[in-house]
Amino acid sequence: MSILVYAEHADGTFKKSAYEAVSYAKAIADITNTWVTAVTIGDISTSELASLGHYGATTVLHVSSEQLNRFINQAYASVVAAAANHANADLVIVSNSFSGKGLAPRIAAKLGAGLADGAVELPVVEGNKLTVKKTAFSGKAFAFTELISDKKVISLNINAFEAQETGDTPQIETFSPPIEERDLATIVEEIVRITDKVSLPEAEIVVSAGRGLKGPENWGMIEELADALGAATACSKPVSDAGWRPHSEHVGQTGITVSPNLYIAIGISGAIQHLAGISASKTIVVINKDPEAPFFKVADYGVVGDAFEVIPKLTAAIKAY
Ligand code: FAD
């Protein structure tokens, strides 16, 4: 079994999730006695391409094309499928990121492959069969998917597998698959970055606040705490619906799914629809003035208290640390 990984970058810098995906592929390659090829698309430096080798890629296929400077789901899926064929890969790994969620099923369809999306740990390998533990029902449960087809695609949840450096230098190859006109039917004209802060889906720490904050004028203390921790900020749905925070921060069943090492929930009741987006968090801290708030049932640590008293003290203590 040879393995291909699609490595995502943002403006020429690989995302942490790309290194996680390569490390995950390398760990499977070690079990199955094979090697890892990575493919990446767009402008990126040679040293950045070489960094994929440190995480276990033997070969890096670099696709550089004016037409592919911006992410186009259909075209990127065709390129990754072509790279899989070029590398004779029977397993393709992508991150279960915003773009990976669109890519994985398209790649699977193009390769006639079985798909397990949202993997949370290494698969169990038995001959040609891979049994993949993955999240299901918006993160409320785990499912075990058996992939028995010859070709397989797995998307890996962000922060589910730690990136591990192995220190090798990869072979870098230019790869130029033909791009069909129909793959360019939808073009992204412009991507407007709305914040330079830590990306929410990739964040290792998330500071999230809800209606308990009373109004948008009180988010200064949330941002200060997030800055002190190097965290991304998030919010509950009513908060973004009310326009207190941008919709890009809305976490939950109808918003973004996060899987940080630490999720701090402040003034959020813990409705099931909110929990659906955060249940893969490794450690959950809840700060709420109501000891009966449902969020405490899923918390690893809880503080019963008024956010307006607790947060400034917490931020001061973290800054002093
Ligand atoms: P509230 O429920 O009003 O809770 C506020 C909390 O703040 C309370 O627990 C209160 O005790 C606490 N509090 C008040 N003052 C303070 C203080 N001074 N200090 C500390 N704590 C304080 N919600 C989501 O978040 N994400 C979703 O994706 C989502 N999708 C939904 C989809 C559907 C179809 C539906 C029907 C609902 C969805 N919701 C979603 C809404 C969800 O059901 C809840 O209504 C929402 O999560 C509640 O937001 P909240 O906890 O901020 O507000």
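Q: How many residues line the second largest pocket?
A: Keep in mind that this is a predicted model. G210, R211, G267, I268 and S269 are the lining residues that lie nearest the pocket's centre. Helices α6, α7 and α8 each give two or more residues to the lining, and so does strand β16 (283–288). The full count for the lining is 28 residues.

Q: What volume does the second largest pocket have?
A: This is the pocket whose space the ligand takes. By class, its lining has 8 nonpolar, 14 polar and 6 charged residues. The volume comes out at about 470 Å³.

Q: Which elements give two or more residues to the shell around the ligand?
A: The ligand takes the space of the second largest pocket. Three elements pass the two-residue mark for its shell, and they are α6 (237–241), α7 (272–275) and α8 (307–320).

Q: Which residue has a polar side-chain atom 2.8 Å from an oxygen atom of the ligand?
A: Let's go through the polar contacts, where the cut-off is 3.5 Å. H250 has a side-chain N or O atom 3.0 Å from a ligand oxygen, and D306 puts a polar side-chain atom 3.0 Å from a ligand nitrogen. That leaves the 2.8 Å pair with a ligand oxygen, and it belongs to T254.

Q: How many of the residues in the shell around the ligand are polar?
A: There are 26 residues around the ligand, with R211, S236, T254, S269 and N288 coming nearest. Of the shell, 6 are nonpolar and 6 are charged, and the polar ones number 14.

Key:
Residues numbered from 1 in each chain as written. Predicted model: local features only at pLDDT ≥ 70, side-chain atom pairs only at ≥ 80, totals over all residues. Heavy atoms only, no water. Near = heavy atom within 4 Å. Polar contact = N/O pair within 3.5 Å; in protein donor to acceptor, adjacent residues only side chain to side chain. 1 Å grid on protein atoms, 1.4 Å probe; cavity = no way out; pocket = protein on both sides within 12 Å on 5 of 7 lines; lining within 4 Å. Sits in = over half its atoms within 2 Å of the grid points. Helix = DSSP H or I, 4+ residues; strand = E, 2+ residues; numbered from the N terminus. Nonpolar A, V, L, I, M, F, W, Y, C, P; charged D, E, K, R; others polar. Points joined across faces, edges and corners; volume = space filled by probe spheres on them.
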